[in-house]
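Reader: I have a model open on my screen and would like to understand the words people use for its parts. Could we go through it together?

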Amino acid sequence: MLEPVPDDDGAPFWEFAARGELRVQTCTGCAAPRFPPRPCCPHCQSFGSEWRPVSGRGRIWSYVVPHPPLLPAYAAHAPRYNVVVVELADAPRIRLVGNVVAGPGAPIDSVDPARLRIGAPVRAVFGDDGLPRWVLERP
């Protein structure tokens with residue numbers, strides 16, 4: 001599976017995720033959350049930022065079930081794995097990419113793609129690998 005390659009701006013996101021925390025970079029000048037992380041706020045051009053916790057709740061903004069998988073490492077999971085874009089409930093301009101799974105540590109093909117719907121409520125979970133994934137709020 002693919003693993004993140006953090007840069008200086010995004011490293012804190014992955015450090016918090018490894019501890020099971022979902023946080024987003026937030027401007028200390030105007031309080032706007034931003035993702036992907038970057039040195040300067042696109043709204044007020046401030047260079048000040050902090051990493052604020054978010055609830056981990058959101059909704060499926062978009063999703064795809066790749067047929068066939070684009071990368072060989074995912075071939076064993078096709079055609080049941082999904083890739084979702086989740087819009088965070090408490091930071092609606094923030095959208096994160098991941099997978100909907102049956103629970104923490106479950107494989108990326110553990111949820112029947114027929115259960116996915118645009119707008120479905122989800123919440124973040126973290127497995128042993130520290131990657132944020134999503135579970136459906138109403139199974």
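Reader: Where does A31 lie, and what makes it "partly exposed"?

Author: A31 sits in the loop between β1 and β2. Keep in mind as we go that this is a predicted model. The relative accessible area of A31 is 42%, and partly exposed covers the range between 20% and 50%, so A31 is called partly exposed. Its phi is positive, about 70°, although A31 is not a glycine.

Reader: Which residue in the loop between β2 and β3 has a positive phi although it is not a glycine?

Author: That is Q45, with a phi of about 65°, and Q45 lies in the loop between β2 and β3. Its relative accessible area is 49%; exposed would need over 50%, so Q45 also counts as partly exposed. The loop between β2 and β3 holds P36 too, and the peptide bond joining F35 and P36 is cis, with omega about 5°.

Reader: Where else is there a cis peptide bond?

Author: Look at the bond from A78 to P79, where omega is near 0°. P79 belongs to the loop between β4 (57-64) and β5.

Reader: Why is R133 called buried?

Author: The relative accessible area of R133 is 12%, and buried means under 20%, so R133 falls on the buried side of the cut-off. R133 is part of strand β8. Beyond its neighbours within four places in sequence, R133 touches N99, V101, I108, R123, A124 and V125. One of these, V125, stands opposite R133 in β8.

Reader: How do you know that β7 and β8 are paired?

Author: Pairing asks for at least two bridges between two strands, and five bridges join β7 to β8, so β7 and β8 count as a pair. They run antiparallel.

Reader: What is the order of the five strands in the open sheet, and why are β6 and β8 at the edges?

Author: The order is β6-β5-β4-β7-β8, with antiparallel pairing. β6 (95-98) and β8 each have a single partner strand, so one side of each is left without a neighbour in the sheet. On average, neighbouring strands of this sheet are turned by 45° against each other, direction ignored.

Reader: What joins β5 to β6?

Author: A hairpin does, through six residues. Four bridges also link β5 to β6, which run antiparallel, and V84 stands opposite G98 in β6. Along β6 the side chains alternate: L96 and G98 point to one face and are buried, whereas R95 and V97 point to the other and are not.

Reader: Which strands form the three-stranded sheet?

Author: The order there is β2-β1-β3, in antiparallel pairing. β2 (33-34) and β3 stand at its edges, each with a single partner strand, so one side of each has no neighbour in the sheet. Five bridges join β1 to β3, and C27 stands opposite S49 in β3.

Reader: Which residues of α1 are buried, and what makes them lie on the same side?

Author: In helix α1 (residues 11-18), the buried residues are P12, F13, F16 and A17. They cover an arc of only 140° around the axis, which puts them on the same side of α1. The face turned away from that buried side carries the exposed residues E15 and A18. Among the elements covering the buried residues are β1 (23-27), β3 (49-53), β7 (121-126) and β8 (132-136). Just after α1, G20 takes a positive phi of about 80°.

Reader: Which residues have the most contacts inside the largest nonpolar core?

Author: They are L22, I60, L88, V100, W134 and L136, in a core of 23 residues. The elements giving two or more residues to this core are α1, β5 (83-88), β7 and β8. Leaving aside its neighbours within four places in sequence, L136 is in contact with residues including I60, V100, V111 and L116.

Reader: How do you know that the protein agrees with a compact globule?

Author: With 139 residues, such a globule would have a radius of gyration near 14 Å, and the protein has 15 Å, which agrees. Of the 139 residues, 42% count as buried. The secondary structure comes to one helix and eight strands.

Notes:
Residues numbered from 1 in each chain as written. Heavy atoms only, no water. Buried < 20%, exposed > 50% of the residue type's maximum accessible area, 1.4 Å probe, protein only. Arc of directions from axis to C-beta. Contact = heavy atoms within 4.5 Å. Axes fitted to C-alpha atoms, helices over the stretch in contact; angles between N-to-C directions. Core = buried A, V, L, I, M, F, W, Y, C linked by side-chain atoms within 4.5 Å. Rg over C-alpha atoms; globule rule 2.2 N^0.38 Å.
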